[in-house]
Structures are given as C-alpha cells and as structure tokens.
Number of protein chains: 2
Amino acid sequence: MAVQRVLIDGQWTVSAGTSTFHAVNPRTTEPLPETYPVSPWSEVVQVLEAANRAAETVRSWSGDRFAAFLEKFADRIEARAADLVAIANLETALPVAPRLKDVELPRTTNQLRQAAKAARDGSWAMPTIDTASNIRSVLGPIGPVAVFGPNNFPFAFNGAAGGDFAAAVAAGNPVIAKGHSSHPGTTRLFAEEAQLAATETGMPNGFVQLIYRTSHDDGKRLAAHPLLGAIGYTGSRSAGVQLKEAADRVGKPIYLELSSINPVYLLPGAIRERAAAIVDQFATSCLMGTGQMCTSPGLIVVQAAPEVENFIKQATEKFAAAPVGTLLGAGVVSHLESGQKTVVASGATVLTGAATGGGAGFSCQNTLLRVSARQFLAAAEALQTEMFGNSSLIVVADSTDELVAVARSLEGNLTGCLYTATDGSDDALHDRIAPILRQKVGRLLNDKMPTGVAVVASMNHGGPFPATGHPGFTAVGIPGAVRRFGMLQCYDAVRPNRLPAALANKNPNGSLWRSIDGQMTQGDVIA
Amino acid sequence: MAVQRVLIDGQWTVSAGTSTFHAVNPRTTEPLPETYPVSPWSEVVQVLEAANRAAETVRSWSGDRFAAFLEKFADRIEARAADLVAIANLETALPVAPRLKDVELPRTTNQLRQAAKAARDGSWAMPTIDTASNIRSVLGPIGPVAVFGPNNFPFAFNGAAGGDFAAAVAAGNPVIAKGHSSHPGTTRLFAEEAQLAATETGMPNGFVQLIYRTSHDDGKRLAAHPLLGAIGYTGSRSAGVQLKEAADRVGKPIYLELSSINPVYLLPGAIRERAAAIVDQFATSCLMGTGQMCTSPGLIVVQAAPEVENFIKQATEKFAAAPVGTLLGAGVVSHLESGQKTVVASGATVLTGAATGGGAGFSCQNTLLRVSARQFLAAAEALQTEMFGNSSLIVVADSTDELVAVARSLEGNLTGCLYTATDGSDDALHDRIAPILRQKVGRLLNDKMPTGVAVVASMNHGGPFPATGHPGFTAVGIPGAVRRFGMLQCYDAVRPNRLPAALANKNPNGSLWRSIDGQMTQGDVIA
C-alpha cells in the first residue's frame, strides 16, 4: 500500500521521507495496514516556510474570517463523524459510545465553535487604549503554531482539530499539526476536512498543515525555529521537557501539558459520612477511559482509621471486580508498569493488580497501591511518579500533621481535591491543607473527582510545573486558551489608518470590550 | 566601616557572608566608602523561608492591604526624596535634575500608586465565573518574587521599589530584592522605607527583604528554588540567560528584559521632508542618559540618497559636538567597547567616536558607526550586538528590497520605529516593512524616537526574545505587568464560604470587573 501523503502548503504531497511507521490496533496489538511517513528536516522547513507565508497573508485579517473557517471545519467534522469515530476507535480502542461519538466529538466541535465566537468577538485580545499618550495595545497573532497532540484524546486534543488547534487559529495563526503516532489515520481525516474548510473559506495555502512524525532531533529543531511563533504540546513528560528545553533556549513560547497525579484528600469526616459513595466516585473516575485521563485521580490521601481500612477494602474490591479496559498502546503499558515498579520499589504495597493483561490487547490489571505517609515523605519524588492508566496510589497518614506534610511535598498538578464532611467536622483540617494544595494545583475541587474537564471560560486545565510549563495559562477554556497564542503588540503614535481595527477609535463591531483610559467599555474612543 | 546589613525576615541583620564589595563613584572611578556583603547560600535560604512564611500569611488578604502598603511606601519615598536623589546621583552619575529628581523618582512613586489602585480594584486578576458548572477562576498570588534590578534605572526599576516590585506586591506576593551592585546604597534606602511602610501597614516580617549580592551559582539556585514563585530580571543578556536556563529547567516563571537595539527606519520621504528635525530627535534620544536606556535607538536604517548622506553628516557632527556623559560603571565601558569592536570587526566604519574617554570618569565618546545593508545582511547576528551606551549604527541600504531584507533579519526588540513622509510618498514602502517589523518588536512607533516609556495601561515594555523571554508580557504598564505575578487558580464546586472574595456571588467592592457566563459585568452573580 502507498505511503500516506503529508499536507504541505495546501497540497497533499508525497513525503520526501524514506522511513515509515504503522499505527497499531490496541485490541489486537497488530499493526494497522496504512503506512505513514517520517518527515525529514527538509520537509519540516518547507512546512515552516509555507506556514510563514500563510501567517503573513492573514496577519491583518479580521477575526470574522478565522471564525468562518472554524465553523465550517466544525460542520465538516460533524458530516464526517461516522468515519472519524470508526477510525479513532480502531486506532485507540476508546469506546465508540458514549466516549468518542457522544462525548469527545461534540466537545471537539463545541471547542471549535467557541473559538470561532471568540475570534469574531475579539475581546480575548484585550485591546487597551490610552488616549492622552495615544498608545494602544492588543494581543496580535504570535505566528505559526506547532501543535503536538497526545495519545489519549484523539479528537479533543488532536493536533489538527483539538483545543490548541482551535485556540491558535482563533488568535489568527496558521497551525502545523504534528499527528500523534498512535492515531495518524484520525489525524489525517481531520486534516482533510480542515484543508477543505480552509479552501471553502478562502484561507491561504499553508494555513493548516500536517506531518505525522519527525526524528526527535528534528522535533527539537522545529520547536526552536525562527519562523515558528509558538508550540502547543500535550504528551509525555520526557518528550515534553526536551522540546521545552529547545524552545526555552531561544525564548520561544511553549505551552505544555506534561503530567499530573491529581491528589485527592479524603478527610476523616467525609469517609465516616459517605465512604460507599466516595468509593464509587473514585473507581469510576480512575477507571474511566482505562485511567488514561490527564486528570485521573492517581493519589488518594487519607488518615488512618478503622473506617478508612474499610474504605480501602471496598475500593480494592471494586478495582479488582471492574472490567479491565484496553490501553492505547505498547508504550502506555510499559510506561505504566515502569511507574508501578518505581512506586513499589519505593515502599508501596500492591492492594490489587499491578500485572500485565486482564483485558483485550494492550492491558494491565486495574491497580491499587498503598503506602504510609511516612514512607511517602521519605521518597516523595519517586512516589509521585505518574502511573498513566488504570492505577492509583493510596497514602495513609498517621496524623493530621502528616496529611499537611504530604501536601507540602507535592509537585505541581493540574488538579487537587478535598472531600470534607457536610457537618463541618473536617473544616479546621481543611483550612490547614487547602491553602497549601491551592498553590500546587491549577484547579481545586470540593467533594468531587477531577475527571471531566468542562469547556467553560473559567476552566483551568493547567497548573504549576511539572503539570505544565507555566502556572499562568490554561489549555482548556476560551478565551484564556486563545491568549496563549497572542503576542502583545503596542502602537505608539501610530497613524490612525495603520492601526488594527480593534484599536481604532470606532469600536469595530460594537460589542468588543476594550479598556479605554482605564475604563472597560464597548463604546468608541471619544476623539 | 562596618559592613551594611541585609534585610531578612523583618530585621536588618549582620550578613553571614565573608566576602564584601564596594560601589564605585562613576565620576571619580573611585570606590565609595560603604562596604556591602555578598550573601552566602545559607542566607538565601533564610530569605526564601521567611518569604514563604510571609506568602502564606498574606495569601488570602484582600487587595486593600497591599494597596495600603504600596501607598504608604510611596509617601515615605517622597519624604526621603532628597536622600535618595543624592545617593543615586553619587552611585550612578545620573543627573539630579531633571532625571533623578523630576522624572525618575515621580515615575517610581506613580508606579507604586498605580499598582496600589490595581490591587484595590482587583480587576487585573480577571475573575471569571461560569454559573452552570459552578467553576470559577482568578489569578492568585504566584508566591515570593525575586526581583533583580538593572544598573540604569536606580529608582524606576529598582529591585526594592521599581516596576517589578510594585507589580509583584500588587498581585499579593512578598518580594526578595536583589540590589544591583552599582547602586547598593540607593537600594538600601528604598528597603529601609519599604520595611518601615510594611511595619506601619501591618505586613508580616519577610514581606520585603533585601540582599545585595550572591555568587552567580547561588543566583541560579535562587531562581530555581521550590519556595520561589517567580523572578523578575532586568539586566545584561549574558547573566539573564543563565538565570533563565536555571528557572526554565524547573518550569519557574521568569520575566526578563535582556537587550534591545531598537531599530528605527527613516524612509526616504521623511528624510527629504524633515532631516534636520530627525537629526535632533535622534541625537537627543540616543544620547539621553548617555544612551543607557533600554529603548535607545541603536540601529538606524536608511536608503542611500544624497540627502541621506547629508543626514548622516549632520548626525555625525551632532554626536561629535555633544557633551559626553558619564557611564554607569567600568563594566558598561568595557561592554560598550567590546560591542563596538564586534560591530567594526563585522564591517562597520566609525563615523565619530568609538574611543574611551571624553567625559568625566567612566566615559566613551559619542559614537556613530555606519555599515551597508549588504554587509549587515552578511553578518546580521554580529551587527546586532547591543552597544549599550551612547552609540548607534546606521545601516545604509541600496534598495527598498534591502530595507525589507534588513527587517527580516532582525532579532526581537522592545521597540521598532518607522518615520515616513506626511505626503504619503513613503506609504507603499511603509506597508512592506511595517508588517515584518511588527512581529519583531513589542512597541511599534511612528515618527518618534523610542525613548520615553509612558507608564500607561497600554504600554508594552516587552518584545520577542532576546528583548525578553516571552512576547506576551510587559514589564511596564498596569494592570498588564501585575498579571505576570499571578497564577491561574480555578475553583470547581468549591463551597461558597471557601471562595476568594473576587469569586463570591456578591461583587466584593461593586467595581470589580468580572466575566460571568461570558458577559463582562460589575454586578453580582444572580444566585
């Protein structure tokens, strides 16, 4: 079978690459038939140059045009939903329904449409005007954005259709999609629809491009290239920190989502009050998508008590009895096993699982591990090793001081939860732990598990390193996610006819929010 | 004379350091009498721990309290203005009037008061609420901020009183000031007043601390320390990139201002129309503060023409005839000479200057260099070497294509200017160059020189690397500068009594701007 083509400068092109790869069906562990190319550096340069030309073409375009593209793309995705769901299911083994068809695909088109709305409105760019000095500023497009999608969300985080893609486009930037090697076919279908939508809505060639894979070194060269504006990366910590280092060295903005174990504190009163309900919520959250969620609860922290022993027993039984899902690939299995080994070697004991198999294809038994807080504190770094998949570690503290000390020892995470009793009996303890946890996580939850990332403006899907590369940004939630792909552009005494529309005296659409002389307003500048 | 004390945890303390240094009077090139300590690592750790305790104490405080401190501090600075101006003049040789007394000191207290206003108002933190999901987010304090001030603005960028200090405090963070070694006495006076203001307004010990110097290695360890929230650095590129590398490796936000040559395009019609006026503006801007401005025009780009030769002749005469100012220190002299040597070695010719001396103490003749665009393009990196001080390079292009090519070859800068004719004769050429220059600079100017950074909300004192570390942020301009020192904190189903005031249903001060369900409003959440 012929090698699949890459999308460069508006054309589906035979790759110059000589090496190739196949995706693997996780259910059968057998390679899928299609062959995909590894792009050589010369091809990456072609892509960068085309993206740069596209960026120069669209730089002064109004948000309406990017909105039209995003909306057309969302429509086209919906029209091709059946194909997308089928190939994503084949490549990832994620369930067709409800996951792919009823949850992730609608979320993806919803993100594209929210991004379109933000692009049309323009307020995301925070236009600011000082009339006395005639200095005006706005977030303008940062330049071509390379989006590296992860393995675990073939739709919603896809390099050619997901949240970073939508945000980069809404900010007015071309996207270079780097497909994840585990689902190249899914990414190809998205790129096909994106290119058609781009043509239909008059976007220039090179506005959306797709390459499937490069060497690691070429990935780093891409991340540091002068023609690139920024990078969005969701994936493993090891690959991400290498890209980050390359980008940081040349001051290139890189937005990463790397790893998170998502600590959940179950305070004594909550366990006394509703242990059975919490067991259900915990198991459901941790085993959802076979635990392959960025916000999967990977660390449960409790204080020793008879009812906690009962809670652990119930959770263990639930994990042992639950069906074992298929993992995304051989790499996920080996990474999970390696994480479990590290955690066990650092003093944790296995309550259930921690062995390969148990499900169809790539799989690992549902796993619960246990460790004392004392031991956790003695090897805090190793015991925070991410076990991406259907696995979680329960930390049992002997005292409230140990609960607090565990919180202090945590690395940065996307989320942190506190379950407390409704009768107020946990409140004093909550008030000792919450301020510490607050500084360690992007999203703090009460009385609920962290999975389920609502796509709303107030979402923070981010957090301190190593969860991401910077605690000020979110990858999910518009307009926040869009702002990552803007650069601050100030106009000092620039002649009125040369100003972008957002900074003209007249409000361009009558609804744009601007700060004019320190006042938020949708009005015009009074000249 | 006894070694000056460091300010740690609310106390002026004898440093544990065994090595010391002196500031130098730039006018006499002789050391000043006061002795200052180099703090050892153990002392840096003490400072970090005290800052962390202070951060925990103030974390939930309302903006009013930080505002009260900032305003009291501004008042105290004004009451001690004479001492501050005298010591800064001694340590930097910057003129008492108008520079220090009438411009920089009022700017500094103005920044503190603008920061206070932002802290009291709270809108800088962009509170965002989605009622349907009950998810709420706001920028919260990022943690203790280390501020490294530069040599060239002893007041407005001082680590213990300048823009980064004001912004970090407005966001609710303690500051660890790292005084610049060229003006430790100035920094000490600020820290004295800051500590008194802190005591008077009930801030905890450790909210403001001062150390004068550390080893380079300890500076890097400080920048990467887990107890530190973020770093603000203004200074040399070589030291800055080392701090950046240390901070980046652990995902610690670091905001840098490193270097900028501030390209100025003088298009043909503008030169024909008003050469004499432009010569005046150029010389004034470039020689202001002996050229020791972050936004000094260090690169002038023109197209060959007889009137351009005349412009260059006039500018050369002006530079040669102007008084030669004193530079800030021996390091500035050697750095400037080294930059000039690099530029000359890469093909530039000396129009005037390029020799040590000519002024009182540390000085270098006012210098103009010239190079062809062809040569510039052949050695673009070397010919963009910053010559910090009273020195500038004129690039003469043979064609409009070369003017465009020079723009494409530029690194990131704080500013970029275009002078064009008023009759429209430069407009076509402007429209070729401006979009390229736009992406390379933080602030784009028309028909004016880049020095003079207005402290207004719309200012961008930032730009792509190597001007700064990230093109999305400004160091000057409130509220933008404040947001750098916030982390995005999301609350998901958190109980109402545990929410920060900015996210409560009721608008805490009736004037806070919030985004509620996608609408900007100063109202309450309708429960």
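**Notebook: chain A, a shared sheet and the core**

I began with the secondary structure of chain A, which comes to 15 helices and 23 strands. I note at the outset that this is a predicted model.

**Overall form of chain A**

I looked up the radius of gyration next. Chain A has 24 Å, which agrees with the value near 24 Å for a compact globule because the chain has 527 residues. Along the principal axes, I found that the C-alpha atoms of chain A fill a box of roughly 75 × 65 × 40 Å. I recorded that 61% of the 527 residues in chain A are buried. Of the contacts in chain A with a separation of 6 or more, 74% are between residues 24 or more positions apart.

**The twelve-stranded sheet**

I then traced an open sheet of twelve strands with mixed pairing. I read its order as β16(A)-β17(A)-β18(A)-β15(A)-β14(A)-β19(A)-β20(A)-β21(B)-β8(B)-β7(B)-β22(B)-β23(B). Its edge strands are β16 (349-352) of chain A and β23 (519-521) of chain B, each of which pairs on one side only. From one strand to the next, the twist averages 25 degrees.

Within the chain B part, I examined one pair of strands. Strand β8 (residues 135-141) of chain B pairs with strand β21 (residues 486-492) of chain B in the antiparallel sense, over seven bridges. For B:Leu139, I found the bridge partner in β21(B) to be B:Leu488.

**Helix α10 and A:Ala320**

Which strands of chain A does α10(A) lie across? I listed β15 (299-303), β16, β17 (367-372) and β18 (391-397), with the helix running at about 65 degrees to β16(A).

I chose A:Ala320 in this helix, α10 (residues 306-321) of chain A, for a closer look. Is A:Ala320 buried or exposed? I entered A:Ala320 as partly exposed, because 16 C-beta neighbours lie inside 10 Å, whereas a buried residue needs 20 or more. Leaving out residues up to four places away in sequence, A:Ala320 touches A:Thr352 and A:Asn366. I also checked A:Thr420, 100 residues from A:Ala320 along the chain, and found their C-alpha atoms separated by 26 Å.

**The nonpolar core**

Last, I turned to the largest nonpolar core, which has 334 residues. The residues with the most contacts inside this core are A:Leu70, A:Ala115, A:Val395, B:Leu70, B:Ala115 and B:Val395. I followed B:Ala115 further: beyond four places in sequence, B:Ala115 touches B:Leu70, B:Ala166, B:Ala167, B:Val169, B:Ala170, B:Ile478 and B:Val482. As a general remark, I add that nonpolar side chains tend to be buried together in soluble globular proteins.

Key
Residues are numbered from 1 along each chain as its sequence is written. Chains are lettered from A and ligands numbered from 1 in the order in which they are written. This is a predicted model: local features need pLDDT of at least 70, side-chain atom pairs count only at pLDDT 80 or more; totals for chains, interfaces and linings use all residues. Helices (H or I, at least four residues) and strands (E, at least two) are DSSP runs, numbered from the N terminus. The radius of gyration is taken over C-alpha atoms; the globule rule is 2.2 Å times the number of residues to the power 0.38. A residue is buried if 20 or more other C-beta atoms lie within 10 Å of its own, exposed if 12 or fewer, and partly exposed in between; C-beta atoms are placed from the backbone. Two residues are in contact if their C-beta atoms, placed from the backbone, lie within 7 Å. Two strands pair if DSSP finds at least two bridges between them. Axes are lines fitted to C-alpha atoms, for helices over the stretch in contact, and angles run from 0 to 180 degrees between N-to-C directions. A nonpolar core is a set of buried Ala, Val, Leu, Ile, Met, Phe, Trp, Tyr and Cys residues joined through C-beta atoms within 7 Å.
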